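Colleague: I've got this model open on my screen and I'd like a close look at one part of it, the charged side chains that pair up. Please take me through them slowly, and then tell me about the surroundings and the rest of the chain.

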Amino acid sequence: MDQFPQGFIGVHDARQNNLRHVSVTIPKYRVTAFVGLSGSGKSSLVFDTIAASSRRELNETFPSFTQQYLPKFGQPHVGAIDHLPVAIEAP
């Protein structure tokens, strides 16, 4: 049986901020909690790597005229992210 029948997000070789070559598989369509010690890279993985990649991909779908008014996001330091859906991050 497939470990993730609904699919997954694969993060490979994340090196953002305090992450050092981290690779994880996150199930889709499930609530996933990231827990750990302070400074272990939870926010770097979720916001600076996964969400930043998703925002960049979403912004690239808009026409160039619209893109000039959208916030600019740098490319996260990650080898690859597989099966990434569009995510909208609420403040």
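Modeller: Let's settle one term before anything else: a residue is called exposed when its relative accessible area is over 50%, buried when that area is under 20%, and partly exposed in between. Keep in mind as well that this is a predicted model.

With that in hand, take Glu60. Its relative accessible area is 52%, so Glu60 falls in the exposed class. The side chain of Glu60 meets that of Arg56 in a salt bridge, at 3.7 Å from N to O. Any such N-to-O distance has to be within 4 Å to be called a salt bridge. Arg56 gets a different label from its partner, because a relative accessibility of 24% makes Arg56 partly exposed.

Searching the whole structure turns up two salt bridges, and the other one joins Asp13 and Arg15. There the N-to-O distance is 2.7 Å. Asp13 has a relative accessibility of 27%, so Asp13 is partly exposed. Arg15 is in that class too, because its value is 32%.

How far is Arg15 from Ser54, C-alpha to C-alpha? The two C-alpha atoms are separated by 17 Å, with their positions 39 residues apart along the chain. Ser54 sits in helix H1, and its relative accessible area is a mere 1%, so Ser54 counts as buried.

Helix H1 runs over residues 42-59, and Ser44 belongs to it as well. Is Ser44 buried or exposed? Ser44 is buried, because its relative accessibility is 7%. If you set aside its neighbours within four places in sequence, Ser44 is in contact with Gln16, Asn17, Asn18, Leu19 and Thr49.

Let's follow one of those contacts, Asn18, back to where it comes from. Asn18 lies in the loop between strand S1, residues 8-14, and strand S2. With a relative accessibility of 33%, Asn18 is partly exposed. Beyond four places away in sequence, Asn18 touches Gly39, Ser40, Gly41 and Ser44. Asn18 can also be placed relative to His77: the two are 59 residues apart in sequence, yet 11 Å separates them in space, C-alpha to C-alpha.

Now for a couple of backbone spots to click on. Tyr29 is in the loop between strand S2, residues 22-27, and H1. Its phi is near 60°, a positive value in a residue that isn't glycine. Tyr29 has a relative accessible area of 67%, so Tyr29 is exposed. His83 also has a positive phi, about 60°, although it is not a glycine. You'll find His83 in the segment after strand S3, residues 78-82. At 48% relative accessible area, His83 stays under the 50% cut-off, so it is partly exposed.

As for ring-on-ring pairs, how many aromatic pairs does the structure hold? There is one aromatic pair, made by Phe65 and Tyr69 in an edge-to-face arrangement. The ring centres are 5.5 Å apart, with 70° between the planes. Both Phe65 and Tyr69 are exposed.

Zooming out, the chain has two helices and three strands, and they follow the pattern β-β-α-α-β when you read along the sequence. The C-alpha trace spans about 45 × 35 × 25 Å along its principal axes. Of the 91 residues, 26% count as buried, and you've already met Ser44 and Ser54 in that class. Looking at contacts between residues at least 6 apart in sequence, 53% of them join residues at least 24 apart.

The accessible surface comes to about 6,400 Å², and carbon and sulfur atoms account for 57% of it. Back to charges to finish: the chain carries 8 positive and 7 negative ones, and the mean positions of these two sets are 5 Å apart. The pairs you asked about, Asp13 with Arg15 and Glu60 with Arg56, are drawn from those charged residue types.

Notes:
Residues numbered from 1 in each chain as written. Predicted model: local features only at pLDDT ≥ 70, side-chain atom pairs only at ≥ 80, totals over all residues. Heavy atoms only, no water. Helix = DSSP H or I, 4+ residues; strand = E, 2+ residues; numbered from the N terminus. Buried < 20%, exposed > 50% of the residue type's maximum accessible area, 1.4 Å probe, protein only. Contact = heavy atoms within 4.5 Å. Phe/Tyr/Trp six-rings, centres within 6.5 Å; stacked < 30°, edge-to-face > 60°. Areas by Shrake-Rupley, 256 points an atom, 1.4 Å probe, with all protein chains shown as cover. Charge placed at Lys NZ, Arg CZ, Asp CG, Glu CD.
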